[in-house]
Amino acid sequence: MEKLFVTLVLSLAYGLSANATDYVVVGELEVPDGEKVYMYDYDIRKNIDSAMVVNKKFLFEGQYDRQAFVRIESGKQYSNCVLEKDTVWVDFETHFSKPNGHLNDGIVKLVESKNNLYGRLEILRDSIGKLQIPESEKEIMFRKAGGMALKPYLENIKSTAWNNPDGVGEAALMEYGSTYTLTPKLWNDFYASLPQYLKDRRMAGRFDSKYKSMERSAVGKPFTDFEAENIEGNKVRFSDYIGKGKYVLVDFWATWCGPCRKEAADVLAPLYEKYKDREDFEILGVQVWEDRDKMKSWLAKTPTPWPQMLGSGDTPMQLYGFDSIPMIILFGPDGTILARQLRGDGLVRTVESYLGVNK
């Protein structure tokens with residue numbers, strides 16, 4: 001096993017506390033001998049250890065400052081686990097460890113809870129889809145029923161976080177904060193009562209910043225300005241497009257994001273063609289999480305008819321409180337946020353309602 005220098009650095013920086021844990025993590029991978037496998041700490045967002053594959057197997061063995069929730073990864077293959085004194089066998093098919101009767105079983109239970117929720121939501125959507133009512137009413141019905149199904153799931157995650165001041169709690173914290181439909185109020189209530197161990201985690205601080213940004217950029221709030229470049233390389237500001245008397249549909253996206261490209265091709269492009277001659281409507285693309293030159297290269301081969309802002313880094317994500325893409329937001333003529341998290345048919349209906357098409 002090969003130790004990364006960062007392990008020593010982190011040990012010196014944080015000190016091996018009384019919560020330090022010895023760990024052994026093993027697994028099998030169908031990769032050539034000599035391939036590296038890395039252990040990544042979700043909380044500090046850094047690799048903390050590495051191992052080498054020999055005869056399709058690898059072994060991590062060492063000591064860390066806490067029983068952390070980590071990802072074991074090699075290329076696109078990964079598995080999650082909690083560091084604990086008992087040997088952990090990771091499974092790259094399920095992406096989680098094999099049951100061992102200890103801490104990692106708590107992670108498995110979280111995954112089972114999530115899978116059960118998604119199964120219920122899928123059955124619910126199929127059932128509502130068969131009803132002979134307008135699509136808009138189906139969506140309202142699904143959101144209401146889905147919210148009821150989500151409530152016990154969130155309560156289960158909350159209970160798991162409160163009762164596990166270790167990597168299981170970290171996993172629950174990450175799952176709760178990443179829930180797509182979570183509101184700032186639900187997060188604030190959750191965060192306020194977290195045990196100190198989890199409040200001290202960096203991921204808790206990141207989520208707290210995210211939901212505070214969501215509050216500042218909620219529906220009804222004014223837009224927040226930032227700087228970037230246009231496709232020609234000239235400096236532009238968000239305010240060059242927003243608050244200028246038009247409804248502006250802003251697509252925060254990246255070329256490596258498959259759902260982003262699909263949404264642009266299937267929804268935004270037809271919408272643009274349909275209303276491109278209106279003087280009160282515009283679409284704007286904003287690059288996030290991507291190298292500016294890569295985006296320019298992609299746009300040169302696959303241009304969009306609407307303007308793009310490049311090179312803003314993760315600033316828009318911090319300002320508008322999101323950590324997954326595509327994030328599509330509709331701004332009013334005065335720059336007020338009218339709707340967030342728009343996708344698919346719901347996006348089209350929302351835009352057309354503001355344009356007065358459906359009246």
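**Exercise 1. Find how helix α4 and helix α5 are oriented to each other, and which residues join them.**

Solution. In this predicted model, the axes of α4 and helix α5 (residues 184-192) come within 10 Å of each other, and they cross at roughly 160°. An angle over 145 degrees counts as roughly antiparallel. Therefore α4 is roughly antiparallel to α5. The next step is the hand of the crossing, which is left-handed for α4 and α5. On the α4 side, the contact is made by Leu173, Tyr176 and Gly177. On the α5 side, Leu186, Trp187 and Phe190 take part. Sorted by class, the contact of α4 with α5 has 5 nonpolar residues, 1 polar residue and no charged ones.

**Exercise 2. Carry out the same steps for helix α2 and helix α4.**

Solution. Helix α2 covers residues 103-129 and helix α4 covers residues 167-178. Their axes come within 8 Å and cross at roughly 20°. Angles under 35 degrees count as roughly parallel, so α2 is roughly parallel to α4. The crossing in which α2 passes α4 is right-handed. From α2, the contact is made by Leu103, Gly106, Ile107, Leu110 and Lys114. From α4, the partners are Gly167, Val168, Ala171, Ala172 and Glu175. By class, the contact of α2 with α4 divides into 6 nonpolar, 2 polar and 2 charged residues.

**Exercise 3. Check the length of α4 against its number of residues.**

Solution. α4 has 12 residues, and at 1.5 Å a residue these should span 16 Å. The expected span is taken over one less than the number of residues. The end C-alpha atoms of α4 are 16 Å apart, so the two values agree.

**Exercise 4. Decide whether α4 is mostly covered or mostly open, and name its buried residues.**

Solution. A residue is buried when its relative accessible area is under 20%. In α4, 9 of the 12 residues are buried, and the helix is mostly covered. From the start of α4, the buried residues include Gly167, Val168, Gly169, Glu170, Ala171 and Ala172. Leu173, Tyr176 and Gly177 are buried too, and these three residues of α4 also make the contact with α5.

**Exercise 5. Place Asp126 in the structure, and state whether Asp126 is buried, partly exposed or exposed.**

Solution. Asp126 lies in helix α2. Its relative accessibility is 45%. Partly exposed residues fall between the 20% and 50% limits, so Asp126 counts as partly exposed. For its distance to another residue, take Pro195, which is 69 residues apart from Asp126 along the chain. The C-alpha atoms of Asp126 and Pro195 are separated by 39 Å.

Notes. Residues are numbered from 1 along each chain as its sequence is written. This is a predicted model: local features need pLDDT of at least 70, side-chain atom pairs count only at pLDDT 80 or more; totals for chains, interfaces and linings use all residues. Side-chain values use heavy atoms; hydrogens and water are left out. Axes are lines fitted to C-alpha atoms, for helices over the stretch in contact, and angles run from 0 to 180 degrees between N-to-C directions. Helices (H or I, at least four residues) and strands (E, at least two) are DSSP runs, numbered from the N terminus. Angles under 35 degrees count as roughly parallel, over 145 as roughly antiparallel, 65 to 115 as roughly perpendicular and the rest as oblique. A crossing is left-handed if the near helix is turned anticlockwise from the far one by less than a right angle, and right-handed if clockwise. Contact means heavy atoms within 4.5 Å. Ala, Val, Leu, Ile, Met, Phe, Trp, Tyr, Cys and Pro count as nonpolar, Asp, Glu, Lys and Arg as charged, and the others, Gly among them, as polar. Buried means under 20% relative accessible area, exposed over 50%, partly exposed in between (1.4 Å probe, protein chains only).
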